[in-house]
Amino acid sequence: MGNPHPARARSARSRRVALCAALLLVALPVVVAQAAPAATQFKLILQPVTLLYYYSGIDLTLDAATLTTLALPAGGGTQLPAKALTASGSASTLTANAAIAPARTNRMNNIQLTLDNAWAVRAIGSRNGRTTVSVRFASGSTATLTTPGAAGARIVLSRLSATPRRFTPRGLGTVQNGRLRMRMDLSRARAAGSYGTATIRISVTTT
């Protein structure tokens with residue numbers, strides 16, 4: 001027996017390749033694009049927060065001009081009208097009494113002091129929330145300031161308050177400034193110098 005005819009062998013191989021290709025085409029699945037719809041619900045939850053800005057210390061200077069204006073009544077001064085005197089004396093001594101009698105000063109025991117922009121707040125509160133500010137002296141309802149080397153010289157502070165005391169939170173982008181108010185008794189401040197120190201406690205809450 002001889003070898004198959006080359007042409008017939010090639011034809012048989014071609015038929016087998018075509019059949020395998022056909023079988024592969026039949027076996028491959030048809031790929032169809034699929035969509036997977038989804039939705040993510042996102043929300044942001046903010047907790048109440050309060051930022052209080054304050055000074056570590058405040059040094060208030062009352063210069064001579066300010067103290068003079070504080071003490072003298074409106075329109076008052078220290079120059080009095082001319083005085084006519086009659087002298088008396090004996091031997092080589094003469095005496096004349098000018099009897100100066102200055103007008104009363106303003107009351108120095110109940111001075112209203114206002115410190116504008118002494119603190120500031122940024123806050124986020126709940127719906128219809130409120131921010132409340134309270135202040136007090138660490139020593140209680142009053143604070144006494146003294147100066148070294150001047151026994152008995154003192155300044156007494158009282159009736160401390162903050163304004164505004166209550167307000168609507170304005171968010172972190174907007175600041176709410178506030179002031180401190182107190183009464184000062186300067187009637188026993190008999191010496192120049194530094195009088196100290198009172199500690200002011202500031203408390204802020206936001207609902």
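This passage describes the fold, the sheet and selected residues of a predicted model.

The protein contains two helices and ten strands. From the N terminus, the elements follow the order α-β-α-β-β-β-β-β-β-β-β-β. Of the 207 residues in the protein, 19% are buried. The protein exposes about 16200 Å². Carbon and sulfur atoms supply 55% of that area. Contacts across the sequence were also examined. Among contacts between residues at least 6 apart in sequence, 78% join residues at least 24 apart.

Five strands form an open sheet. Their order is 1-4-9-7-6, and the pairing is antiparallel. Strand 1 and strand 6 (142-146) are the edge strands, and each pairs on one side only. On average, neighbouring strands of this sheet are turned by 30° against each other, direction ignored. Strands of a sheet pair through backbone hydrogen bonds, either parallel or antiparallel.

At one edge, strand 1 runs antiparallel to strand 4 (residues 111-124). Six bridges join the two. Val-49 stands opposite Ile-124 of strand 4. At the other edge, strand 6 pairs with strand 7 (residues 154-163). This pairing is antiparallel too and spans five bridges. Here Thr-146 has Arg-154, in strand 7, as its bridge partner.

The side chains of strand 6 alternate. Ala-143 and Leu-145 point to one face and are buried. Thr-142, Thr-144 and Thr-146 point to the other face and are not buried. In a regular strand the side chains alternate between the two faces of the sheet.

One salt bridge was counted. The side chains of Asp-116 and Arg-179 form this contact, with 2.9 Å from N to O. Asp-116 belongs to strand 4 and Arg-179 to strand 9 (residues 171-185), so the pair ties together parts that are 63 residues apart in sequence. Arg-179 has a relative accessibility of 29%. Buried means under 20% and exposed over 50%, with partly exposed in between. Arg-179 therefore counts as partly exposed.

The loop between strand 1 (49-54) and helix 2 (64-71) holds Leu-60. Ser-56 lies in the loop between strand 1 and helix 2 as well. Ser-56 is exposed, because its relative accessible area is 84%. Leu-60 is partly exposed, because its relative accessibility is 48%. Leu-60 also belongs to a nonpolar patch on the surface. The patch is formed by Tyr-55, Ile-58, Leu-60, Leu-62 and Leu-67. Together these residues have about 470 Å² of accessible area. Ser-56 also has a distant partner in sequence to compare. The C-alpha atoms of Ser-56 and Thr-199 are 9.9 Å apart in space, while the two residues are 143 residues apart in sequence.

Val-133 gives a view of a buried site. This residue lies in strand 5 (residues 131-137). Val-133 counts as buried because its relative accessible area is 2%. Leaving aside residues up to four places away in sequence, Val-133 touches Trp-119, Ala-162, Pro-164, Arg-165, Phe-167, Ile-202, Ser-203 and Val-204. One of these, Ala-162, is 29 residues from Val-133 along the chain. The C-alpha atoms of Val-133 and Ala-162 are separated by 6.8 Å.

Key. Residues numbered from 1 in each chain as written. Predicted model: local features only at pLDDT ≥ 70, side-chain atom pairs only at ≥ 80, totals over all residues. Heavy atoms only, no water. Patch = residues over 30% accessible without salt bridge, like charges linked within 9 Å, V, L, I, M, F, W, Y side chains within 5 Å. Areas by Shrake-Rupley, 256 points an atom, 1.4 Å probe, with all protein chains shown as cover. Salt bridge = Lys/Arg side-chain N within 4 Å of Asp/Glu carboxyl O. Helix = DSSP H or I, 4+ residues; strand = E, 2+ residues; numbered from the N terminus. Buried < 20%, exposed > 50% of the residue type's maximum accessible area, 1.4 Å probe, protein only. Pairing = 2+ DSSP bridges. Axes fitted to C-alpha atoms, helices over the stretch in contact; angles between N-to-C directions. Contact = heavy atoms within 4.5 Å.
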